[in-house]
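Visitor: Please take one part of this structure and go through it closely. I would like to know how that part is held together and what lies around it.

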Amino acid sequence: MKEDNCLHAALICLGMLYYSHAITTEKLNHARPSLHGHHEKGKEGQVLHRSKRGWVWNQFFVIEEYTGPDPVLVGRLHSDIDSGDGNIKYILSGEGAGIIFVIDDKSGNIHATKTLDREERAQYTLTAQAVDRNTNRPLEPPSEFIVKVQDINDNPPEFLHENYHANVPERSNVGTSVIQVTASDADDPTYGNSAKLVYSILEGQPYFSVEAQTGIIRTALPNMDREAKEEYHVVIQAKDMGGHMGGLSGTTKVTITLTDVNDNPPKFPQSVYQMSVSEAAVPGEEVGRVKAKDPDIGENGLVAYSIIDGDGMDMFEITTDYETQEGVVKLKKVLDFETKKSYSLKVEAANVHIDPKFISNGPFKDTVTVKISVEDADEPPVFLKPSYIFEVQENAASGTVVGKVHAKDPDAANSAIRYSIDRHTDLERYFIINAEDGNIKTIKTLDREEIAWHNISVFAVEVHKQHQEAKVPVAIKVVDVNDNAPKFAAAYEAFVCENARSNQQFITISADDKDDSANGPRFIFSLPPEIIHNPNFTLRDNRDNTASVLVRREGFSRQKQDLYLLPIVISDGGVPPMSSTNTLTIRVCGCDSNGSLLSCNAEAYILNAGLSTGALIAILACIVILLVIVVLFVTLKRQKKEPLIVFEEEDVRENIITYDDEGGGEEDTEAFDIATLQNPDGINGFIPRKDIKPEYQYMPRPGLRPAPNSVDVDDFINTRIQEADNDPTAPPYDSIQIYGYEGRGSVAGSLSSLESATTDSDLDYDYLQNWGPRFKKLADLYGSKDTFDDDS
């Protein structure tokens with residue numbers, strides 16, 4: 001509070017000093033002559049004298065942030081033509097005129113009515129003028145002047161950032177630059193010390209210091225260790241007025257982090273590591289882990305592990321897990337507890353990246369002893385070989401020994417072993433194995449031409465531990481024996497021309513043998529001894545597994561013989577050799593003079609003279625068959641034309657047609673009353689036979705029978721229906737039901753003509769012939785109309 005009162009008093013004194021300076025300047029101006037010798041040449045060459053204003057000034061000053069009770073007097077305007085009688089009026093215009101700055105139009109005093117802030121606006125440009133109060137006529141030309149706002153120390157320094165973050169390597173030398181902080185002051189730097197800043201450190205000693213003029217923060221202690229303390233919080237102050245008492249200040253926080261350098265070597269926390277691994281472990285399996293601790297971080301803390309000594313260098317290896325910085329000991333080869341039970345390794349951990357500046361802190365590596373014990377495991381049997389290959393001759397007798405497999409128990413117990421064949425690999429059961437000694441024998445006869453190799457698998461299982469088993473592949477080769485004779489390589493059929501020349505070759509043949517190449521070629525071709533002197537053909541062995549057939553004579557004739565069968569003997573090169581006789585079919589053909597084939601048919605010579613006997617017989621047989629078909633057709637046609645309805649004294653029951661059709665299903669119940677099918681006699685307990693005709697015949701009433709020659713089938717049927725309805729002796733099967741509804745599912749429409757209102761002359765029933773077997777009766781019944789007409 002005392003500092004504020006002193007500041008206000010100083011501001012008032014400074015304002016009074018400026019005000020006195022302004023009054024003095026104004027008086028000096030008033031003492032100046034009002035007219036000056038400024039000459040101007042007129043248009044006609046005469047010299048004119050211009051009167052100049054009676055006031056002269058450049059600028060006024062006003063203190064910013066003045067908070068007194070009265071307006072601040074900025075200055076006073078006065079013209080030397082003002083005699084004080086009040087006839088002159090002073091006018092003020094320009095920036096802030098009438099709002100911030102007001103003028104007394106009589107005295108010319110200018111006052112500031114508001115508190116000014118230099119940081120918002122440093123100066124104002126105004127224009128003053130003296131006019132006649134009554135006429136407003138200008139008495140002086142307008143004059144421009146500047147009012148400057150005088151600065152005071154009213155703004156504290158401000159840093160560019162509220163918080164700063166900086167890094168510096170650990171163990172840096174004293175004075176190492178860390179970061180530069182900068183503050184600014186809104187006060188006028190050209191006036192006084194209001195904007196002169198001085199930096200100082202409030203927190204962070206004795207580790208860091210700051211330069212007073214530049215704000216650069218530097219290290220102040222040597223060998224600062226990141227592993228001891230990584231982060232520091234520093235507070236920096238900026239104070240104006242050159243750091244003197246009464247100045248304003250601002251602060252900022254700086255977080256300084258020590259970055260890591262490789263100044264620490266890796267160290268194992270213990271001197272010996274104990275590990276164990278089962279002898280059943282497979283190569284590549286992890287045995288254990290070691291870790292050397294390095295307090296450095298990042299690439300400075302990377303550690304690489306290696307095995308540098310020990311009797312287990314060939315059995316184990318070590319790799320580095322860079323995520324956990326651990327050394328992973330892995331199995332390199334298969335272990336055997338019965339051979340060696342423990343191993344020792346010397347493992348080294350070394351930094352990957354080394355800083356030469358701190359090489360004196362080394363060496364940057366450490367070693368440790370790793371002892372690995374091998375644990376005994378119940379191992380499965382082991383075959384002496386990883387696979388077996390045996391041979392057996394084809395056609396060998398059942399029970400022939402193929403070979404023997406052998407496995408042993410690697411454990412100290414040395415359990416007994418039993419053998420078996422995996423039947424999934426021997427589905428046809430060609431082989432069997434002795435469970436005790438592992439001898440493999442044949443069960444069936446083997447044929448190399450069917451299967452040349454048999455690939456089976458044999459299991460070995462400990463007798464007392466069935467879960468411990470081993471499996472080995474066994475390949476059995478079937479050795480070929482010469483059991484297949486050679487044959488023609490193809491179904492040869494040769495052609496020889498009638499005009500062939502003697503010793504002319506007309507075909508080349510080759511052979512094929514199913515046996516192996518050792519029992520196959522070379523093939524030997526020959527004729528059988530009994531036809532070695534064949535007069536027609538001869539054979540020449542080309543000694544390249546082929547043979548050529550040649551013509552021995554000239555003049556073949558198709559009329560005499562058009563086909564020859566030539567037996568050829570083929571022998572293979574096996575031990576013992578096998579041979580077979582193959583027949584070559586040779587046809588005699590007609591050829592032109594160039595030897596081109598024309599025809600091989602023997603009847604070609606007699607075709608021009610007439611038909612052969614076989615052709616004539618075939619033609620006569622066809623004629624006879626056609627005649628028989630015509631006779632049968634005519635006979636059947638006559639049988640179909642016989643009338644099916646007898647118009648004489650025949651029983652009407654012979655004309656009742658049975659329809660093998662189920663009708664429309666439930667829809668037929670709408671067509672008739674099912675009760676009409678019931679036998680009224682059955683009510684009294686009497687059920688007449690339905691399979692014979694009743695002895696009593698009801699005589700039809702006279703006048704109801706139609707004329708014998710009547711062709712009106714509708715009238716005929718109606719008459720018969722009426723007689724049947726009136727005949728009490730008629731069994732139920734004489735009842736003819738009238739179906740007036742065929743159902744909506746019939747594609748042929750209604751088939752009933754019993755209630756048809758039309759006559760025969762109105763209907764054409766020929767289409768019934770095309771409706772198939774089910775409508776054959778109707779077709780015969782209604783299709784015979786023409787026959788009746790012809791008879792009449």
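Guide: Cys 589 and Cys 600 form a disulfide, with their sulfur atoms 1.7 Å apart; a disulfide here is a pair of cysteine sulfur atoms within 2.5 Å. Cys 589 lies in strand β42 and Cys 600 in the loop between β43 (597-599) and α2 (613-641), so the link ties together parts that are 11 residues apart in sequence. Helices (H or I, at least four residues) and strands (E, at least two) are DSSP runs, numbered from the N terminus. The angle about the S-S bond is 100°, and the link of Cys 589 and Cys 600 is right-handed.

This is a predicted model, in which local features need pLDDT of at least 70 and side-chain atom pairs count only at pLDDT 80 or more, while totals for chains, interfaces and linings use all residues. Residues are numbered from 1 along each chain as its sequence is written, and side-chain values use heavy atoms, with hydrogens and water left out.

The two ends of this link are not equally covered. Cys 589 is buried, with a relative accessible area of 0%, whereas Cys 600 is partly exposed at 25%. Buried means under 20% relative accessible area, exposed over 50%, and partly exposed in between (1.4 Å probe, protein chains only).

A search of the whole structure finds 2 disulfides. The other joins Cys 497 to Cys 591, with an S to S distance of 2.0 Å. Its angle about the S-S bond is -80°, which makes the link of Cys 497 and Cys 591 left-handed. Cys 497 lies in strand β36 (residues 493-497) and Cys 591 in strand β42 (residues 579-591), so this pair ties together parts that are 94 residues apart in sequence. Both Cys 497 and Cys 591 are buried. With bonded cysteines counted along the chain, the disulfides follow the pattern 1-3, 2-4. There is also Cys 622, which is partly exposed, with a relative accessible area of 46%.

Strands β36 and β42 come up again in the packing. In soluble globular proteins, nonpolar side chains tend to be buried together. A nonpolar core here is a set of buried Ala, Val, Leu, Ile, Met, Phe, Trp, Tyr and Cys residues joined through side-chain atoms within 4.5 Å. The largest such core has 28 residues, and those that touch the most other members are Phe 525, Leu 566, Ile 568, Leu 584 and Ile 586. The elements that give two or more residues to this core are β36, β37 (505-512), β39 (537-541), β40 (546-551), β41 (563-571) and β42.

Leu 566 can serve as an example. Leaving out residues up to four places away in sequence, Leu 566 touches Leu 527, Ile 531, Asn 534, Phe 537, Val 549, Asn 582, Thr 583, Leu 584 and Ile 586. Contact means heavy atoms within 4.5 Å. Apart from the largest core lies another, of 25 residues, among them Met 275, Ile 307, Leu 335 and Ala 349.

Next, a loop. Ser 517 is in the loop between β37 and β38 (524-526). At 57% relative accessibility, Ser 517 counts as exposed. Ser 517 and Gly 573 are 56 residues apart in sequence, and their C-alpha atoms are 9.0 Å apart in space.

Some figures for the whole protein give this part its setting. The secondary structure comes to 5 helices and 43 strands. Buried residues make up 35% of the 792 residues. Of the contacts with a separation of 6 or more, 66% are between residues 24 or more positions apart.

One of the helices is α3 (residues 713-726), which has 14 residues. Helix α3 reaches 20 Å from its first C-alpha to its last, close to the 20 Å expected at 1.5 Å a residue; the expected span is 1.5 Å times one less than the number of residues. The buried residues of α3 include Val 713, Phe 716, Ile 717 and Ile 721, and the buried residues of this helix pack against α4 (776-782).

To return to the part chosen: strand β42 holds Cys 589, and β42 also holds Cys 591. Strand β42 is one of the elements that give two or more residues to the largest nonpolar core.
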